[in-house]
Structures are given as C-alpha cells and as structure tokens.
Amino acid sequence: MPRQPADLLEHHLIGGDRNDETLKGFAAGGIPVTREQFAFRTDDLIVVWEAVRAGLGIGFVSEHQIRTDPAVIPLLPKLKIQPFPVWLAVHKEVRTSKRIKAVYDFLAEALPRAI
C-alpha cells in the first residue's frame with residue numbers, strides 16, 4: 001500500500017492518454033512521470049472509473065466518485081492535489097428552453113458544492 005506519492009510508481013497506474021492533467025499533478029508534487037509509466041491509459045473518465053473499479057490499477061478520480069462504491073479504497077487520503085477543471089456545457093440552442101435552463105442553472109449552483 002502506498003504511503004507517499006512516490007510509492008504510487010511501484011504500482012500499475014491508470015491515467016490519461018492525451019490528457020496530461022495527471023502528469024501535471026505528479027510534476028507539481030515533484031514527481032516527474034511520463035505517459036509510458038501508466039499501465040492503462042484513456043482520456044475517457046468513465047473508462048478510467050471502470051478500470052479502477054475492476055482493479056486494473058491505481059487511478060485518479062474525484063472524492064465524490066469514490067464515495068459511490070464502497071469497494072474502491074482511497075489511497076493517500078490526506079494528500080491534497082490541485083483541483084481538475086470541470087465544465088458544464090450545453091448546446092446554445094438548448095439554453096433557450098426554459099426547462100433546460102432551469103436544470104442548467106440548478107446544476108451550475110449544485111455541482112460545485114457536490115464535488
């Protein structure tokens with residue numbers, strides 16, 4: 001079990017393929033990592049989550065996502081990392097719908113508190 005961030009490199013890692021946010025996170029922590037050090041790479045966050053859940057390696061997912069599956073064990077829970085950006089997007093024509101705008105406004109207010 002990893003005790004320090006550098007210990008993660010001794011395990012199979014799951015991370016981005018073209019997306020370099022995880023690489024930047026490691027670098028910010030003083031641990032240079034390359035894509036080739038990841039045993040499983042994908043830019044699809046759903047695939048990352050399912051790979052973590054399947055036990056393919058150590059992945060990097062949000063705390064709120066970890067709480068949805070009791071079988072997923074958080075590692076280094078006291079380690080605080082730089083937040084990843086999150087976008088809430090909708091096609092511009094859809095925003096003209098009052099119902100869709102109401103849902104969009106609700107999500108825009110609720111999501112930052114939830115994640």
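## Exercises: helix α2, salt bridges and cores

The buried residues of α2 pack against β1, β2 and α3. Keep in mind that this is a predicted model.

**Exercise 1. Work out which residues of α2 are buried, and how they are arranged around the axis.**

*Solution.*
- Start with the burial list: in α2, the buried residues are Val 48, Trp 49, Ala 51 and Val 52.
- Next, look down the axis. These residues cover an arc of only 160°, so they sit on the same side of α2.
- Then ask what that set meets: the buried residues of α2 pack against β1, β2 and α3.

**Exercise 2. Find the residue that caps the N-terminal end of α2, then check the phi of the glycine that follows the helix.**

*Solution.*
- At the N-terminal end, the cap is Asp 44. One of its side-chain oxygens lies 2.9 Å from the backbone nitrogen of Ile 46.
- After α2 comes Gly 55, and its phi is positive, near 80°.

**Exercise 3. Place Asp 69 in the chain, decide whether it is buried or exposed, and find its salt-bridge partner.**

*Solution.*
- Place it: Asp 69 belongs to the loop between α3 (63–66) and α4 (98–114).
- Judge burial: the cut-off for buried is under 20% relative accessible area. Asp 69 has 11%, so it is buried.
- List contacts: leaving out residues up to four places away in sequence, Asp 69 touches Trp 49 and Arg 53.
- Pick the partner: Arg 53 forms a salt bridge with Asp 69, with the closest N and O atoms 2.5 Å apart.
- See what gets joined: Arg 53 is in helix α2 and Asp 69 in the loop between α3 and α4, so the pair ties together parts 16 residues apart in sequence.
- Compare exposure: Arg 53 is partly exposed, at 43% relative accessible area, while Asp 69 is buried.

**Exercise 4. How many salt bridges does the whole structure have? Take the pairs Arg 18 with Asp 43 and Asp 105 with Lys 101, and say where their residues lie.**

*Solution.*
- The count for the whole structure is seven.
- Take Arg 18 and Asp 43: their closest N and O atoms are 3.7 Å apart. This pair links distant parts of the chain, 25 residues apart, with Arg 18 in the loop between β1 (14–15) and α1 (21–28) and Asp 43 in the loop between β2 (40–41) and α2 (45–53).
- On accessibility, Arg 18 is exposed at 66%, and Asp 43 is partly exposed at 30%.
- Now Asp 105 and Lys 101: here the closest N and O atoms are 3.0 Å apart. Both residues are in helix α4, four residues apart, so about one helical turn separates them.
- Asp 105 is partly exposed at 36%, and so is Lys 101, at 41%.
- Finally, look for shared partners: Glu 50, Arg 53 and Asp 69 are joined into one network by salt bridges.

**Exercise 5. Which residues make up the largest nonpolar core, and which does Ile 31 touch?**

*Solution.*
- Collect the members: the largest nonpolar core has nine residues, namely Leu 8, Leu 13, Leu 23, Phe 26, Ile 31, Val 33, Phe 38, Ile 58 and Leu 76.
- Zoom in on Ile 31: not counting residues up to four places away in sequence, Ile 31 touches Pro 5, Ala 6, Leu 9 and Phe 26.
- Look beyond that core: another one, of seven residues, lies apart from it, with Ile 14, Val 48, Trp 49 and Val 52 among its members.
- Link back to Exercise 1: Val 48, Trp 49 and Val 52 are among the buried residues of α2.

How values were computed:
Residues are numbered from 1 along each chain as its sequence is written. This is a predicted model: local features need pLDDT of at least 70, side-chain atom pairs count only at pLDDT 80 or more; totals for chains, interfaces and linings use all residues. Side-chain values use heavy atoms; hydrogens and water are left out. Helices (H or I, at least four residues) and strands (E, at least two) are DSSP runs, numbered from the N terminus. Buried means under 20% relative accessible area, exposed over 50%, partly exposed in between (1.4 Å probe, protein chains only). Contact means heavy atoms within 4.5 Å. A salt bridge is a side-chain nitrogen of Lys or Arg within 4 Å of a carboxyl oxygen of Asp or Glu. A nonpolar core is a set of buried Ala, Val, Leu, Ile, Met, Phe, Trp, Tyr and Cys residues joined through side-chain atoms within 4.5 Å. The arc is that of the directions from the helix axis to the C-beta atoms. A polar contact is a pair of N or O atoms within 3.5 Å; within protein, one must be able to donate a hydrogen and the other to accept it, and residues adjacent in sequence count only if both atoms are side-chain atoms.
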